[in-house]
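Biologist: Could you take me closely through one part of this model, namely its aromatic residues and the nonpolar core around them? Please keep to what can be computed from the atoms.

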Amino acid sequence: MFSWLGTADRRKRDPEVFQTVSDGLKKLYKSKLLPLEEQYKFHDFHSPALEDADFDNKPMVLLVGQYSTGKTTFIRYLLEQDFPGMRIGPEPTTDSFTAVMYGDHEGLTPGNALVVDPRKPFRKLNAFGNAFLNRLVCAQLPNPVLESISVIDTPGILSGEKQRISRGYNFAAVLEWFAERVDRIILLFDAHKLDISDEFSEVIKALKNHEDKIRVVLNKADQIQTQQLMRVYGALMWSLGKIINTPEVVRVYTGSFWSRPLLVPDNRKLFEAEESDLFTDIQSLPRNAAIRKLNDLIKRARLAKVHAYIVSSLRKEMPAVFGKENKKRELISNLGEVYSRIEKERQLSRGDFPNLRKMQEQLQDHDLSKFPPLKPKLLETVDDMLSHDIAQLMALVRQEETQRPSQAVRGGAFEGTANGPFGHGYGEGAGEGIDEPEWVVARDKPLYDEIFFTLSPINGKVTGASAKKEMLRSKLPNTVLGKIWKLADIDRDGMLDDEEFALANHLIKVKLEGHELPATLPPHLVPPSKRKIPE
């Protein structure tokens, strides 16, 4: 009846309603993006269609590296227990893709059975054939770490003569399939084997467009001295810079991820700090999983739009009857010009376009004249999804984050140092003296008292102006000194007595030694005479 109503009016009348982020992503994909993908054969060129399990699965971590870099040992270190089918050795031992996932009972599921399980996000891997499926397995076990994340172990990347032996399936393509679906990609390097083989270089290039997921681990760093470690780190950064073409420096975590004694313990504190940072990054994955899936859907939608413009443009250029093969060769050869024209006409970003060489190879197997013409309604639907529905889902993501308890990976190595004296930074900085019966500031208080009495205290206290002159000698910024003042002025009277002054100087010392200041004053730092005063 009211056919003149615009899209915005129809949206107001019948808005999309989503109960959860996962539910919303599934509905949007099936109703708005999937029709565009199917119309323009997107799945033949780029990525298979997504299924419900792709939206419902736990965050996944993909481990990639050359053989004997410690990938399987890294998983063992995280879980703090063996998993079914685990093999560790200096030779290429892991010859399969192993999905390590949670299960009520320990067991192994072979690849052919795994890809028909609708509850697992691996059904589309059957496209890689039996040669690959015979090298795919799922190891399930009851482990608290796996209640929050799943880990994918991969065959060691070969080097030298070994890499000339064919695996029987497209190794780089399989890794690219996983890269699209995982939340984190960890590239492992051995401090003794930094050479990046041709196969490894090809793999890293296959991970292009997923640089935001990549983290690099320099493993077995305890086996070399500090000076050698500096050289190895520099060489690794130089090698990665030639392959990963990003203006930003890749984050490299240095350490030794196994449960044996450190061979060279000189860099113990460095390794502990690096491990803490990496674990914090992995622990954040469950909390950020919804955002990651939303981000991946947006990237997929942008690529699907560009793909539709490309294939419909090629179809438009094809002759009706004669000279089809010659025209096809010409169009494929000049595909770069087609990209440039579409980019200008449609005002698209070149970063959304698929790899030129790969697209040229894939187009060789298709009849360009059979591609469908452009259907603006399908593209408008996707644009509407990106501009309206995604914004609604973003708000729902924030809402879910506030309603749910803090989500983080628990168990295994993640809780080995969570409590007790072996936690990272325990007993250091502001935590120094936490277990001691005496007030830790009292050690240096005689020295601080000498300074205190040179400031002419009145009624046992120095004014803010007098204390400021002394505190500025530290050369710390005013913002830091202001925070120290708030922590030290316990009774909030705008002045410092001898204990508060000593505390302020202790906190200045903590900061000058490179430690962070606490958000609130820890109980063990409160002066003994002030411990009954409520803050």
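**Aromatic pairs and the nonpolar core**

Modeller: Contacts between residues 24 or more positions apart make up 78% of those in the chain with a separation of 6 or more, and I would keep in mind throughout that this is a predicted model. The chain has 535 residues, of which 48% are buried, and its secondary structure comprises 20 helices and 10 strands.

The largest nonpolar core holds 47 residues, and F122, F178 and L187 are those with the most contacts inside it. Helix α8, which covers residues 171-181, contributes the most to this core, giving 6 residues. If residues up to four places away in sequence are set aside, L187 touches V64, F200, I204, L207, I214, R215, V216 and V217. A second core, separate from this one, has 45 residues, among them A301, V306, L363 and M385.

Turning to the rings themselves, a search of the whole structure gives 17 aromatic pairs. In the pair formed by F97 and F171, the ring centres lie 5.7 Å apart and the planes meet at 50°, so the arrangement counts as tilted, since that angle falls between the cut-offs of 30 degrees for stacked and 60 for edge-to-face. This pair joins distant parts of the chain, with F97 in strand β2 (residues 97-102) and F171 in helix α8, 74 residues apart, and both F97 and F171 are buried.

A further tilted pair consists of F279 and F414, with 4.8 Å from centre to centre and 50° between the planes. Here too distant parts of the chain are linked, because F279 belongs to helix α11 (residues 268-283) whereas F414 sits in the loop between α16 (376-403) and α17 (445-454), 135 residues apart. With a relative accessible area of 7%, F279 is buried, and F414, at 6%, is buried as well; both assignments follow because buried means under 20% relative accessible area.

Beyond individual pairs, ring pairs connect F97, F122, F128, F132, Y169, F171, W177 and F178 into a cluster. This cluster brings us back to the largest nonpolar core, for F122 and F178 are two of the residues with the most contacts inside that core. As for the outside of the molecule, the chain exposes about 27500 Å², and carbon and sulfur atoms supply 51% of that area.

Methods:
Residues numbered from 1 in each chain as written. Predicted model: local features only at pLDDT ≥ 70, side-chain atom pairs only at ≥ 80, totals over all residues. Heavy atoms only, no water. Core = buried A, V, L, I, M, F, W, Y, C linked by side-chain atoms within 4.5 Å. Buried < 20%, exposed > 50% of the residue type's maximum accessible area, 1.4 Å probe, protein only. Helix = DSSP H or I, 4+ residues; strand = E, 2+ residues; numbered from the N terminus. Contact = heavy atoms within 4.5 Å. Areas by Shrake-Rupley, 256 points an atom, 1.4 Å probe, with all protein chains shown as cover. Phe/Tyr/Trp six-rings, centres within 6.5 Å; stacked < 30°, edge-to-face > 60°.
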